[in-house]
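These are my notebook entries on one structure, written down in the order in which I looked things up. I begin with charged pairs and then turn to empty space and to the surface.

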Amino acid sequence: MLYGICAATAAFLLAALLASLLRVPALRLGAVERRRRRPPVPLLGGLAVVLATALVAGAGEWTGVVRLGPAVGGLLVAGASVALLGLAADVWHLRRRWVLAGTAVAAACVVPYEETGAAAGALAMLWITAVAGAFRGLDHADGVAGSVGVVTAFGAGACAAAEVMDGLAVLLSALAAALAGFLLHNWPPARIGLGACGALFTGFLLASAALFACAGRGPGAGAGALTALTAVVSADAVLVVLSRRIAGRPPLRGGPDHLVHRLRRLGLTARGAALLATAAAFAGVLVGVLVHTGRLGPAAALWVAGVVAVAVLGLTRVRVHEPRRGSRDGAYGPGRRSREGVSGPRRGSRDGGRAGRRAVRQAWDFPVRQTRRRASSQVREPLRVRNG
C-alpha cells in the first residue's frame with residue numbers, strides 16, 4: 001500500500017516535470033498540431049507519460065518490491081514499442097494504416113490465448129487495436145484523452161486488484177498518476193498535447209490490461225465489463241466512423257467531427273465538454289467494475305451500450321461537415337454566403353450551380369438594391385412664389 005502511494009506520487013511529479021521540459025524539443029522537431037486561431041501545440045507530452053510510467057514500474061521490478069511478472073513485463077514492452085511507433089508518427093507523420101498495422105502486431109503478441117482461445121484471441125487482438133486507435137482519435141481536444149484515461153486506468157486497476165494481480169494494478173496506478181501529472185499542462189487551454197505516442201500507449205495499455213483482468217471471468221461478464229470500461233472511447237469511434245460514412249468521407253481522414261467537437265457545437269465550453277466526457281467515462285467505468293466484481297449482472301452493460309447508441313444517434317444530427325464545392329447544392333453550398341453577400345440556392349434545386357452563378361452575376365451588376373416603386377412627391381400643394 002505504501003509503495004503504491006509512493007509510486008503514484010513519483011509518476012505524477014515525473015510526468016509533470018517531463019511534460020514541461022519536452023515543449024521546446026517538440027517545437028524544434030516540428031512535432032506540433034496546427035489549430036485555428038491558436039499557436040501550434042507541441043505533441044511530445046505523451047513521451048513524458050510513457051517515460052514516467054515505465055520508469056516507476058521498472059523501479060518496482062528492479063528493486064523487487066513489486067514483481068510485474070513476465071506477462072505484465074511483456075505488456076509494458078509491447079506498449080513501449082507502440083509508443084515508439086506513435087512517436088515516429090508525431091515526428092515524421094506516418095500514415096495511419098501503418099500505425100494501426102504495427103499496433104495490431106503488438107496486440108497479437110500480448111493476447112492471453114491460453115485463456116481466450118484462438119477465435120476469441122483474434123477478436124481480442126482486433127479490439128485492442130481498435131481501442132488504441134480510438135484513444136488516438138480521442139486526443140482531438142484539450143484534456144479529454146488524459147482525463148478519460150485517468151478514470152479508465154483506475155477502473156482497470158480496480159479489476160486487476162480484484163483478481164489479485166498486484167503487478168498489473170501497480171502498472172495501471174502508475175499510468176493513472178502519470179496522466180494526472182500530464183493533465184496539469186493539457187487542461188484547457190493546453191500547453192502540450194498527448195500526441196500519437198501517448199495516446200496509442202495509453203489506449204494499448206488500458207485495453208490489454210483490462211483484457212488480462214477480465215479474461216478469467218465468463219464470456220458474458222468479461223464482455224460486459226470491457227464494454228462498460230471503454231464506453232466513451234467506443235462512442236467517439238462509432239460516432240466518427242458513422243458520420244464520415246454518411247458524409248461520404250474516408251474513415252481515416254481527420255476532421256472536426258468527434259464527440260467533443262459536436263458538444264462544442266451545442267454550446268458547451270472546452271472545459272465543460274471535457275468534464276462531461278470525464279463524467280460519462282466515470283459512469284461507464286463504475287458499471288464495468290461492478291459487473292466485474294459480481295455486484296451487477298452482465299445485463300447492466302446492455303444499458304450502457306443502449307445509452308451509447310442513443311447518444312451516437314443523437315449527436316449524428318449535429319451538423320459538422322460542410323458540403324463540398326461544386327456540388328448540386330450550389331456554388332457556395334446551402335446556408336453559406338458568398339463573398340458578395342448572396343446566399344446559395346436551396347437544397348434540391350435542379351440548376352443549383354447555374355442559379356448560384358446567376359445570383360452572383362446580378363450582385364456584380366447591381367450592387368445597390370433596385371426598386372420599382374415610384375418615389376412619392378413630398379410636396380402635394382402647388383408652390384406659390386411671391387414677388388417683391
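**Entry 1, salt bridges.** I looked up D257 and found that it forms a salt bridge with R244, with the closest N and O atoms 2.8 Å apart. This pair links distant parts of the chain, since I find D257 in the loop between helix 12 and helix 13 and R244 in helix 12, 13 residues apart. I note that the model is a predicted one, and that I should keep this in mind for each entry below. Are D257 and R244 buried or exposed? I checked both residues, and D257 is buried, as is R244.

How many salt bridges does the structure hold? I count two, and the other entry on my list is the pair E61 and R67, whose side chains meet at 3.5 Å, N to O. I reminded myself that side chains of opposite charge can pair when their charged atoms come close. For this pair I also looked up the exposure of each partner: E61 has a relative accessible area of 30%, so I write it down as partly exposed, while R67 has a relative accessible area of 55% and therefore goes down as exposed, the cut-off being over 50%.

**Entry 2, the largest pocket.** I next looked for open space, and the largest pocket holds about 1,700 Å³ of it. Its lining is made of 48 residues, and those closest to its centre are E33, H140, G255, H258 and H261. Which helix gives the largest share of this lining? I found that helix 7 does, with six residues. Several other elements each supply at least two residues, among them strand 1 (32-35), helix 4 (69-92), helix 10 (195-214) and helix 13 (259-265). Helix 12, where I had already placed R244, is also one of the elements that supply at least two residues to this lining. When I sorted the lining by class, I obtained 23 nonpolar, ten polar and 15 charged residues.

**Entry 3, the cavity.** Rolling a probe the size of a water molecule over the atoms shows where empty space is left. I found one cavity of 30 Å³ or more in the structure, and the volume of the largest cavity is about 40 Å³. Its lining includes V148, T152, L229, V233 and G284, and I noted that helix 8 (144-162), helix 11 (219-229), helix 12 and helix 14 (270-292) each supply at least two of the lining residues. By class I wrote down eight nonpolar and three polar residues, with no charged ones.

**Entry 4, A161 in helix 8.** Since helix 8 had come up in the cavity lining, I looked up A161, which is found in that helix. Its relative accessible area is 46%, so I record A161 as partly exposed. I also noted that A161 and A213 are 52 residues apart along the chain, yet their C-alpha atoms are separated by 8.6 Å.

**Entry 5, a nonpolar patch.** Which residues form a nonpolar patch on the surface? I listed V238, L242, I246 and L313, which together have about 370 Å² of accessible area. Helix 12 (residues 231-247) gives the largest share of the patch, three residues, and V238 has its place in that helix. With a relative accessible area of 45%, V238 is partly exposed, and because the cut-off for patch residues is over 30%, its value is high enough for it to count.

How values were computed
Residues are numbered from 1 along each chain as its sequence is written. This is a predicted model: local features need pLDDT of at least 70, side-chain atom pairs count only at pLDDT 80 or more; totals for chains, interfaces and linings use all residues. Side-chain values use heavy atoms; hydrogens and water are left out. Patches are made of residues with over 30% relative accessible area and no salt bridge: like charges are joined within 9 Å, nonpolar side chains (Val, Leu, Ile, Met, Phe, Trp, Tyr) within 5 Å. Accessible areas come from the Shrake-Rupley method with a 1.4 Å probe; for residues, only the protein chains shown count as cover. A salt bridge is a side-chain nitrogen of Lys or Arg within 4 Å of a carboxyl oxygen of Asp or Glu. Buried means under 20% relative accessible area, exposed over 50%, partly exposed in between (1.4 Å probe, protein chains only). On a 1 Å grid over the protein atoms alone, a cavity is a set of points where a 1.4 Å probe fits but cannot get out, and a pocket is an open set with protein on both sides within 12 Å along at least five of seven lines; lining residues have an atom within 4 Å of a point. Grid points are joined across faces, edges and corners, and a volume is the space filled by probe spheres set on the points. Ala, Val, Leu, Ile, Met, Phe, Trp, Tyr, Cys and Pro count as nonpolar, Asp, Glu, Lys and Arg as charged, and the others, Gly among them, as polar.
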